Amino acid sequence: MPRDDLAAGIDDAVRDYENELARFAGLRAVHGSTVPDGAAIAGPRLARRLRGLDTGVRPTWAWPLPGGEGRWRRVAHEVTGGREWPPT
């Protein structure tokens, strides 16, 4: 994932986490300590979102090569001059 996309995703996740904790704090101010502080709910959600940024599947920008694998092998052969790649 590009670094700026990762940073934006982290910022969004943290902002949502903080907003959720603030929402629970507001509920606690009105209804008292019977309302949880929200960390048990918001914390795992934050962890899942951050993990998803690291492990989630992203779409590729690649396009299929016309001619498929056979064409790819011909292009690779041309580029490498017929040498084995990667070199051993």
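# Asking why, helix by helix

Trainee: Why is Arg 45 called partly exposed?

Mentor: Its relative accessible area is 37%. Partly exposed runs between under 20% for buried and over 50% for exposed, so 37% puts Arg 45 in that middle group. Keep in mind that we're looking at a predicted model.

Trainee: And what makes Arg 45 and Glu 20 a salt bridge?

Mentor: The closest N and O atoms of the two are 3.9 Å apart. The cut-off is within 4 Å, so 3.9 Å qualifies Arg 45 and Glu 20 as a salt bridge. The pair ties together distant parts of the chain: Arg 45 belongs to helix H2, Glu 20 to helix H1, and 25 residues separate them.

Trainee: Is Glu 20 buried or exposed, and how do you know?

Mentor: Glu 20 has 13% relative accessibility. Buried means under 20%, so Glu 20 counts as buried. Gly 9, Ala 13 and Phe 24 are buried residues of H1 too, and the buried residues of this helix pack against helix H2 (39-55).

Trainee: How many salt bridges are there in the whole structure?

Mentor: A search finds 5. One of them joins the side chains of Asp 12 and Arg 15, at 2.3 Å from N to O.

Trainee: Why are Asp 12 and Arg 15 said to be about one helical turn apart?

Mentor: Because they sit 3 residues apart in helix H1. An α-helix has 3.6 residues a turn, so residues three or four places apart point the same way. As for exposure, Asp 12 has 35% relative accessibility and is partly exposed; Arg 15, at 42%, is partly exposed as well.

Trainee: What can you tell me about the pair Glu 69 and Arg 73?

Mentor: Their closest N and O atoms are 2.8 Å apart, which makes a salt bridge. Both lie in helix H3, 4 residues apart, again about one turn. Salt bridges with shared partners also join Glu 20, Arg 23 and Arg 45 into one network.

Trainee: Why is Glu 69 called exposed?

Mentor: Its relative accessible area is 51%. Exposed means over 50%, so Glu 69 makes the cut.

Trainee: How do you know that the span of H1 agrees with what a helix should have?

Mentor: H1 has 29 residues, and at 1.5 Å a residue they should span 42 Å. The end C-alpha atoms are 42 Å apart, so the two values agree. After H1 comes Gly 32, with a positive phi near 90 degrees.

Trainee: What about the span of H3?

Mentor: With 13 residues, H3 should span 18 Å, and its end C-alpha atoms are 18 Å apart, so that agrees too. Thr 80 is in H3, and its side chain reaches the backbone oxygen of Ala 76 at 2.8 Å. Thr 80 counts as buried, because its relative accessibility is 12% and the limit is under 20%.

Trainee: Which residues make the nonpolar surface patch?

Mentor: Met 1, Leu 6, Ile 10, Val 14 and Leu 50, over about 340 Å². Helix H1 gives the most, with 3 residues.

Trainee: What makes Leu 6 accessible enough for a patch?

Mentor: A patch residue needs over 30% relative accessible area. Leu 6, found in helix H1, has 31%, so it passes that cut-off while counting as partly exposed.

Key. Residues are numbered from 1 along each chain as its sequence is written. This is a predicted model: local features need pLDDT of at least 70, side-chain atom pairs count only at pLDDT 80 or more; totals for chains, interfaces and linings use all residues. Side-chain values use heavy atoms; hydrogens and water are left out. Patches are made of residues with over 30% relative accessible area and no salt bridge: like charges are joined within 9 Å, nonpolar side chains (Val, Leu, Ile, Met, Phe, Trp, Tyr) within 5 Å. Accessible areas come from the Shrake-Rupley method with a 1.4 Å probe; for residues, only the protein chains shown count as cover. Helices (H or I, at least four residues) and strands (E, at least two) are DSSP runs, numbered from the N terminus. Buried means under 20% relative accessible area, exposed over 50%, partly exposed in between (1.4 Å probe, protein chains only). A polar contact is a pair of N or O atoms within 3.5 Å; within protein, one must be able to donate a hydrogen and the other to accept it, and residues adjacent in sequence count only if both atoms are side-chain atoms. The expected span of a helix is 1.5 Å times one less than its number of residues. Contact means heavy atoms within 4.5 Å.
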